[in-house]
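I opened this notebook to keep a careful record of what I looked up, entry by entry, with each term explained where I first needed it.

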Protein chains: 4
Amino acid sequence: MSALRVTVWNEFRHEQNAKHPASTIYPNGIHAVIAEGLAQQGYDVRTATLDQPEHGLTDQVLADTDVLTWWGHAAHGEVADALVEKVYKRVHEGMGLIVLHSAHFSKIFRKLMGTSCDLKWREAADKELIWIVQPGHPIAEGLPECIEIGDEEMYGEFFDIPQPDELVMVSWFSGGEVFRSGCCYTRGRGKVFYFRPGHESYPTYFNEHVRRVIANGVRWAAPSNSATPVFGNTKPRIS
Amino acid sequence: MSALRVTVWNEFRHEQNAKHPASTIYPNGIHAVIAEGLAQQGYDVRTATLDQPEHGLTDQVLADTDVLTWWGHAAHGEVADALVEKVYKRVHEGMGLIVLHSAHFSKIFRKLMGTSCDLKWREAADKELIWIVQPGHPIAEGLPECIEIGDEEMYGEFFDIPQPDELVMVSWFSGGEVFRSGCCYTRGRGKVFYFRPGHESYPTYFNEHVRRVIANGVRWAAPSNSATPVFGNTKPRIS
Amino acid sequence: MSALRVTVWNEFRHEQNAKHPASTIYPNGIHAVIAEGLAQQGYDVRTATLDQPEHGLTDQVLADTDVLTWWGHAAHGEVADALVEKVYKRVHEGMGLIVLHSAHFSKIFRKLMGTSCDLKWREAADKELIWIVQPGHPIAEGLPECIEIGDEEMYGEFFDIPQPDELVMVSWFSGGEVFRSGCCYTRGRGKVFYFRPGHESYPTYFNEHVRRVIANGVRWAAPSNSATPVFGNTKPRIS
Amino acid sequence: MSALRVTVWNEFRHEQNAKHPASTIYPNGIHAVIAEGLAQQGYDVRTATLDQPEHGLTDQVLADTDVLTWWGHAAHGEVADALVEKVYKRVHEGMGLIVLHSAHFSKIFRKLMGTSCDLKWREAADKELIWIVQPGHPIAEGLPECIEIGDEEMYGEFFDIPQPDELVMVSWFSGGEVFRSGCCYTRGRGKVFYFRPGHESYPTYFNEHVRRVIANGVRWAAPSNSATPVFGNTKPRIS
């Protein structure tokens, strides 16, 4: 079996702003660090960023991608609608999609969810504890029952998403909030996993457990090679 | 408790075409027959159609609607995008939405689902048997375990929808197909119920059990008067 | 429409122990306070307790009960297995069941769930914040987005239950834990709602929001008058 | 990665009755044919049957089993309750369980579901069409959109199970019934997959697609190596 082909997409703006903490924590971009973690799992990993031609996601790249991870924050509006349509189509064909942190507000996630995906937030170095609420799920593989993250941006409920098909994790924040942090969906033949942590001002993507979740999510979201559904006018099966 | 305010929306084109069977079966429009059935339940019912100004759904009408039912088929593309946005917003605020038959392809349903909502179909007077698979659900109230419909258009799987939060009914068709016929979702604070039968060439909306399902769906989808979610930057609950 | 008939069942042991704080907080029993709250909603409420003949749940009482609420803690093992079977059968026939707090370990809840229903706990007057994660759900009717409870026993994940059909609330605890606090299930034609708070050493059942949740839960769990399912050897529908 | 260890359990009574068609179709037992199909996938397969000592499922065998498949029909009552408890415990620890056809009425499935698992049935060589309703699910891997089975026993709704966490397949029967045929659950850390076909009087387990479903089900139900949940009295995470 050949390795899963993963494309790590990143907005890559904060990290190029020398005044932003992200430029110190992720000097080569968040994508470089996420990609490094995934490569260690043996996946075939490439990266793509907003400011590349076609945002780095040409038709060929998309066609060659089994699972796409998506990080965006300040420039969701700059992602071309035509690309969003292409990604949407690829997810429906079976490409997995891992939606990270502030990408809750990305065009593609909102389009796939059919909701606003809005939430509460606070940048105040809250402590975050991520509890596993479905320990038998493949995305929980190899994890402790609780992932502690020292400092993180808070995200709080109500998180305006459809009820997840499978809820794998719930976060606790020191300021008093909770959040559905690991959420699984199916759209068409594709699987979508939303994973909460990863604010650009903290070194969250160096955390080994966070890396493990993303790697597990990629494996869970890998395409299944089932028959392409047939739609439209059809003759009876039985006569 | 005052009566639920229901608005029955209909494309109302087939019925005005003298050459179409719908003009004989539903001379005053499908909406008139659906509205009649709902009024018998004591709801406060009004109707609206595509060719009315603002498609009959002014801001005031939408604001005064607890549950909206939607039937469309040939003219989904003519529904103004701005109206779709308004309905979408109202659903998220809590307005219930009952999506009927060929409205699976309506703009509003596809936008709320995040999928293509495509399916197999056949116009060949198939026999349809609708089986209740969740008999304790409020939408099953007063129904037999199986609803028989003499002649109907066939809809077959794969139906490209998100897995329903609650699957209440599954249809059997004489040509060999099955279909998830009664599907419940929540979007924001609003509830969405998709119900399959109701091709314009058959008198399906006169069927007492079909009427009962729609009436039950309206009751199930009625708004809950819960707190409006607060989004955005928030202070800690705990300090 | 006649009023819903609710039976409030309570173990009623802690409250009769003069050395236990419950004897001061709930001198007439937790059931008296829960029943008072439900009666204010217009329900037809009676109570039953462990040490009554047949635990207060005769066949006639069960037959006349639309929704049963259950509180137990120290004496789950003393509930007769024969009664558990009767309650199980009534739930499958459509009787609603509201499972409160430490009744997570009751025989009836474990039997209906098919899991151990085990969890973490701590008696240390944690602060509890109960967040609504499905604001459109009927059980959220009339509630704020967060219910604050001053002192409560902590319950923490992993809570060994099947994934809820609908997850309505998630709790935050000051010690760092989260908990799925409001969980909806269907079993047969009956509905089951688990609601977390209510340790006997705290006046939780006097809290107006807690009372509202229980009252909403009762309404949600009310039986639907659908056809009794037919099982066994059956002739073809179609010949 | 070492091969998944699968134990194929079978009641193995019909096949030893020379007057029963099963004795001709499955002379070495249904388990032998299922095991053959799974061995072809590279799994490490063994078998066990009711009339072996300890029903063939010693503590050691259970400890060494990653996924257990279960076929039973006429002798559910003869399975020792103590063994059912052991299997239940192993499922909660993470062992996968594939429940086949008439094992819907097995003690272990009913205990895990918390419902009667009753259904309609008919032995009349109905035609069965199994439609995939979640084509992106790993259990649909490599399958056509519809599996045709020439002659089968009919199972019809209402199937008294909890709503599946994931519904993968729905069956159509020539007599007019439908059935939720491929149903996924999680219990504790274990995964449970119910798959409908496989009446002993028909050669269903030689069907390549049926074999594929069982093989995919085994892979899906494989244990995840996550942390063993900690239950009971616990100290605060945060102080």
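## Entry 1: chain D on chain A

I looked up how chain D relates to chain A, and I found that a turn of 180 degrees with a shift of 0.0 Å along the axis lays chain D on chain A with an RMSD of 0.0 Å, where the superposition is by least squares on the C-alpha atoms of residues with pLDDT of at least 70 in both copies. In chain D, Asp165(D) has the C-alpha nearest the axis, 3.6 Å from it.

Before going on, I noted that this is a predicted model, in which local features need pLDDT of at least 70 and side-chain atom pairs count only at pLDDT 80 or more, whereas totals for chains, interfaces and linings use all residues. I also noted that residues are numbered from 1 along each chain as its sequence is written, and that chains are lettered from A and ligands numbered from 1 in the order in which they are written.

I then turned to the contact, which takes 29 residues from chain D and 29 residues from chain A; two residues count as in contact if their C-beta atoms, placed from the backbone, lie within 7 Å. On the side of chain D that touches chain A, the elements giving two or more residues are β5 (120–132) and β9 (190–195) of chain D, and here helices (H or I, at least four residues) and strands (E, at least two) are DSSP runs, numbered from the N terminus. That side of chain D divides into 11 nonpolar, 11 polar and 7 charged residues, with Ala, Val, Leu, Ile, Met, Phe, Trp, Tyr, Cys and Pro counted as nonpolar, Asp, Glu, Lys and Arg as charged, and the others, Gly among them, as polar. I wrote down that 100% of the interface residues of chain D are also interface residues in chain A, so the copies meet through the same surface.

## Entry 2: chain B on chain A

For chain B, I found that a rotation of 180 degrees, with 0.0 Å of shift along its axis, superposes it on chain A with an RMSD of 0.0 Å. That is the relation of a two-fold axis. Among the residues of chain B, Gly114(B) comes closest to the rotation axis, at 2.5 Å for its C-alpha.

## Entry 3: chain A by itself

I looked up the make-up of chain A and found 6 helices and 10 strands. Its C-alpha trace spans about 65 × 40 × 35 Å along its principal axes.

## Entry 4: two helices in chain A

I asked myself at what angle helix α2 and helix α6 of chain A pack. Helix α2 (residues 30–39) and helix α6 (residues 208–221) of chain A pack at about 70 degrees with their axes 9 Å apart, the axes being lines fitted to C-alpha atoms, for helices over the stretch in contact, and the angles running from 0 to 180 degrees between N-to-C directions. I noted that the contact is made by Ile34(A), Gly37(A) and Leu38(A) of α2(A) together with Arg211(A), Ile214(A), Ala215(A) and Val218(A) of α6(A). By class, this contact of α2(A) with α6(A) has 5 nonpolar, 1 polar and 1 charged residues.
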